[in-house]
Amino acid sequence: MDDFVRLKYDIDGENFTSAGEASTMVKRNLRQMGFSPETIRKVSVAMYEGEINMVIHAKGGVATVDVYDDKIVIVLADEGPGIPDVALAMQAGYSTAPENIRSLGFGAGMGLPNMKKYTDEMKIDTVVGQGTTVTMTVYV
């Protein structure tokens, strides 16, 4: 397998104000590594949306970003409630976010659709009551 750089972040689900810090750090690292603005934008948007979902729905988790020369693989893993109906959750505008989160401007039901839109591949592994792992790949 090719050499790669692994970036790993604990997503704090107890602190909504820190949501987005990991995606900001990834953006900074990718810029320092010399990736194109387009690649950085795709990774940043997908990761931010996933990070917010982890905070809203799963009380946090772990984000791992493996950076290769030809691709960037983002793995977001949580031990939250799982997703009962992935097809429904993938529909733009569908949301299970509580009202207090919506009042902050989040939970509009665009997280998973945007994650898919800004990545080249996306896989969701989920078990209700155990958690969700989303694996996304952006080709460079």
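**View 1. K71 over the ring of Y68, and the aromatic partner of Y68.** In this predicted model, K71 lies over the face of Y68, at 5.2 Å from the ring centre. Y68 is itself buried, with a relative accessible area of 8%. A search of the whole structure finds one aromatic pair, and in this pair F4 and Y68 are tilted, with 5.1 Å from centre to centre and 35 degrees between the planes. The pair links distant parts of the chain, since F4 belongs to the segment before β1 and Y68 to the loop between β2 and β3, 64 residues apart. F4, unlike a buried residue, is partly exposed, with a relative accessible area of 36%.

**View 2. The open sheet and the order of its strands.** Five strands form an open sheet with antiparallel pairing, in the order β1-β2-β3-β5-β4. Because β1 (5-12) and β4 (121-127) stand at the edges and have a single partner strand each, one side of each is left without a neighbour in the sheet. On average, and with direction ignored, neighbouring strands of this sheet are turned by 10 degrees against each other.

**View 3. The pairing of β1 with β2, and the salt bridge between R6 and D66.** Strand β2 (residues 60-67) and β1 pair in the antiparallel sense over eight bridges, and the bridge partner of I11 in β2 is G61. The side chains of R6 and D66 meet in a salt bridge, at 2.7 Å from N to O. R6 lies in strand β1 and D66 in strand β2, so the pair ties together parts that are 60 residues apart in sequence. D66 is buried, with a relative accessible area of 10%.

**View 4. Two helices on the sheet.** Helix α1 (residues 21-33) packs on the sheet, where it touches β1, β2 and β3 (71-78), and its direction makes about 160 degrees with that of β1. Helix α2 (residues 37-58) also packs on the sheet, touching β1, β2, β3 and β5 (131-139), and the direction of α2 makes about 5 degrees with that of β3.

**View 5. Salt bridges of R41 with E38 and of K123 with D125.** The count of salt bridges comes to three, among them the one that R41 forms with E38, in which the closest N and O atoms are 3.1 Å apart. Both residues lie in helix α2, three residues apart, about one turn of the helix. R41 is partly exposed, at a relative accessible area of 39%, and E38 counts as partly exposed at 38%. The side chains of K123 and D125 meet in a salt bridge as well, at 3.6 Å from N to O, and D125 is partly exposed, with a relative accessible area of 35%.

Technical notes:
Residues numbered from 1 in each chain as written. Predicted model: local features only at pLDDT ≥ 70, side-chain atom pairs only at ≥ 80, totals over all residues. Heavy atoms only, no water. Pairing = 2+ DSSP bridges. Helix = DSSP H or I, 4+ residues; strand = E, 2+ residues; numbered from the N terminus. Axes fitted to C-alpha atoms, helices over the stretch in contact; angles between N-to-C directions. Contact = heavy atoms within 4.5 Å. Phe/Tyr/Trp six-rings, centres within 6.5 Å; stacked < 30°, edge-to-face > 60°. Buried < 20%, exposed > 50% of the residue type's maximum accessible area, 1.4 Å probe, protein only. Lys NZ or Arg CZ within 6 Å of the ring centre and 35° of its normal. Salt bridge = Lys/Arg side-chain N within 4 Å of Asp/Glu carboxyl O.
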